[in-house]
Amino acid sequence: MSKEKDRRIDNDSFRDHLTTVDEEGKRNWIFPKKPSGRYYKWRNVVATLLLLFFFSGPFITVNGQPLLLLDILERKFVIFGTAFWPQDLHLLVFGALAVIVFIVLFTAVFGRLWCGWACPQTIFMEMVFRRIEYWIEGDRGSQIRLNNAPWNWTKIWKKTLKHGIFFGLAFLISNLFLAYIIGADELFKIITDPPSQHLAGLISITVFSGVFYGVFAFLREQVCHFICPYGRMQSVLLDNNSINVMYDYQRGEPRTKVKNRDDLGRKATLDDLNLSGADYGDCIDCHQCVRVCPMGIDIRNGTQLECVHCTACIDACDDVMDKIDKPRGLIRYSSENAIKKGKEKILTPRVAGYSAILIVLIVTFFTFLSMRPDTETTILRQPGTLYQELPNNRYSNIYEVKSINKTFKTIEQEIKLVQPEGELTPLGNFSTVPPQGSTKGRFLIKLKSNNLNGSRTNVVFAVYSNGKKIETIESGFIGPGSKKERQNNE
């Protein structure tokens, strides 16, 4: 057995069980100690900014349009003030692929940094709901005592107050969540109009409120452990060069314990306790990194599926290192290779490959986006109809037209027959296309027989708006065909 392996902890036992499940299969409720430290302060800053964005997002407009609207039911999407329709599926595909590859690349380099710093589940759970819990029930020890206490008046009012606030917050979050789907104006109608007029909306809010309340009051870390697909994919996205929250086992092992430190009357060092030197590492097995973990894991067991990189263990360990006069960073952002070999390498062939694919997807997405027309017109010959023979050796076909306006302003359009020479007669008015809407209509095309090219003649239309050609569309014209074609058909 190598010296390096000797310094690793035995990681066989912790893989045989879940920290949130006891031997009888019942759930072990996690009571994490309230975190504090430099990373926690920065996480508070990031969380505050993200929460401000979430709560104000539905009310922010860009050129009079919502910043973000994901109306799945109406198949209408507005992202940063730009509207996308189902006809823009190719853009959504390239955009979604770019996001997926970015997540893969980001995870390969920085691990689950997203989970700890920006994931809505972590932000709401650790920065909102958990802080309310600390405020009402106290820190870890007080929560355990309250949980084990009989149902007296103190426990009843604290639990009632906590869950009342939790449900109120879940109700608020569900309203804002719905605003991202139907828009702030529609949500305001649901709130202000009589309930009977918006039963579907009220049912949606009620369901969302129940889901969010259940997630943040009861499911909690189980979402990250078992439900979130991103966490399940982590094992295939990380490698030994990925940066994670890591325990420096080279420096920390073998562990020892500080004893009788109260007798010193000052900070205890390993020298004071005769525990320094080559026989012991810097880890004093104080378990502060375990007690503060909201996932209930021991980071010293190595990179684990449950770890969301919240950095609470880093802050807790740094605080202990300060107290025993040891350098910070026993638990820190690092990689397996950096700790094992002392070599930190971010740009690997794998990262370079992901980056190249991401650049291609982003360039393709923005190229298609810049080429996207403001309108999209479809012209098809009316189904189930044939040609009509007209006087003066002319023939006619009926066409259906549908125009989609992807902009936020009304568009006046005119359709002209470009090729071959003929006559276009509108059957109704379809010259005005409303903003973010569509219009349908029909028109008649009349062609002379000498302009026909057999039984099917290619025709070209041009769509004009304010005198400017915006689209060119091809279709077919059905005619009687040549004498030979008619004989073959007979």
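**Exercise 1. Describe the hairpin formed by strand 3 and strand 4, and then follow the pairing onward to strand 5.**

Solution. Strand 3 and strand 4 form a hairpin with four residues between them, and in the turn Arg 75 has a positive phi of about 55°. Strands here are DSSP runs of E with at least two residues, helices are runs of H or I with at least four residues, and both are numbered from the N terminus. Before going on, note that this is a predicted model, in which local features need pLDDT of at least 70 and side-chain atom pairs count only at pLDDT 80 or more, whereas totals for chains, interfaces and linings use all residues. Residues are numbered from 1 along each chain as its sequence is written, and side-chain values use heavy atoms, with hydrogens and water left out.

The next step is to look at the pairing, where two strands pair if DSSP finds at least two bridges between them. Strand 3 (residues 68–71) and strand 4 (residues 76–79) run antiparallel and are joined by four bridges, with Leu 70 standing opposite Phe 77 of strand 4. Strand 4 also runs antiparallel to strand 5 (residues 82–84), through three bridges, and here Phe 77 stands opposite Phe 84. The hairpin of strand 4 and strand 5 has two residues between the strands, and Phe 80 takes a positive phi near 50° in it.

**Exercise 2. Work out which strands stand at the edges of the sheet with the order 12-16-17, and describe the pairing of strand 16 with strand 17.**

Solution. Begin with the order: this is an open sheet of three strands, and the pairing is antiparallel. Strand 12 (414–419) and strand 17 (468–478) each have a single partner strand, so they stand at the edges, and one side of each is left without a neighbour in the sheet. From one strand to the next the twist averages 30°, where axes are lines fitted to C-alpha atoms, for helices over the stretch in contact, and angles run from 0 to 180 degrees between N-to-C directions.

Next, count the bridges: strand 16 (residues 456–465) is joined to strand 17 by 10 of them, and the two run antiparallel. Arg 456 has Ile 478 of strand 17 as its bridge partner, while Ser 465 stands opposite Lys 468. The two strands form a hairpin with two residues between them, and Asn 466 in the turn has a positive phi of about 55°.

Finally, examine Ser 465, which is found in strand 16. Its relative accessibility is 12%, so Ser 465 counts as buried (buried means under 20% relative accessible area, exposed over 50%, and partly exposed in between, with a 1.4 Å probe and protein chains only). Apart from residues up to four places away in sequence, Ser 465 touches Ile 411, Glu 412 and Ile 470, a contact being heavy atoms within 4.5 Å.

**Exercise 3. Decide how helix 5 and helix 6 are arranged, and place Thr 122 in the picture.**

Solution. Helix 5 (residues 120–137) and helix 6 (residues 140–148) pack at an angle of about 70°, with their axes 9 Å apart. Helix 5 is therefore roughly perpendicular to helix 6 (under 35 degrees is roughly parallel, over 145 roughly antiparallel, 65 to 115 roughly perpendicular, and the rest oblique). The contact is made by Glu 133, Tyr 134 and Glu 137 of helix 5 with Ser 142, Gln 143 and Leu 146 of helix 6.

Thr 122 also lies in helix 5, and at 5% relative accessibility it counts as buried. Leaving aside neighbours within four places in sequence, Thr 122 is in contact with Arg 43, Cys 115, Gly 116 and Met 127.

**Exercise 4. How many disulfides does a search of the whole structure find?**

Solution. The search finds zero disulfides, a disulfide being a pair of cysteine sulfur atoms within 2.5 Å. Cys 228 is in none, and the nearest cysteine sulfur, that of Cys 115, is 5.9 Å away. The sulfur of Cys 313 is 6.1 Å from the closest cysteine sulfur, in Cys 307, which is too far for a bond. Cys 228 counts as partly exposed, at 22% relative accessibility, whereas Cys 313 is buried, at 9%.

**Exercise 5. Where in the chain is confidence lowest, and where is it highest?**

Solution. Confidence is given by pLDDT, from 0 to 100 for each residue. It is lowest in helix 1 (residues 3–7), at a mean of 41, and highest in helix 5, at 95. The mean of the chain is 85, and 90% of its residues reach 70 or more.

Methods: pLDDT = per-residue confidence, 0-100.
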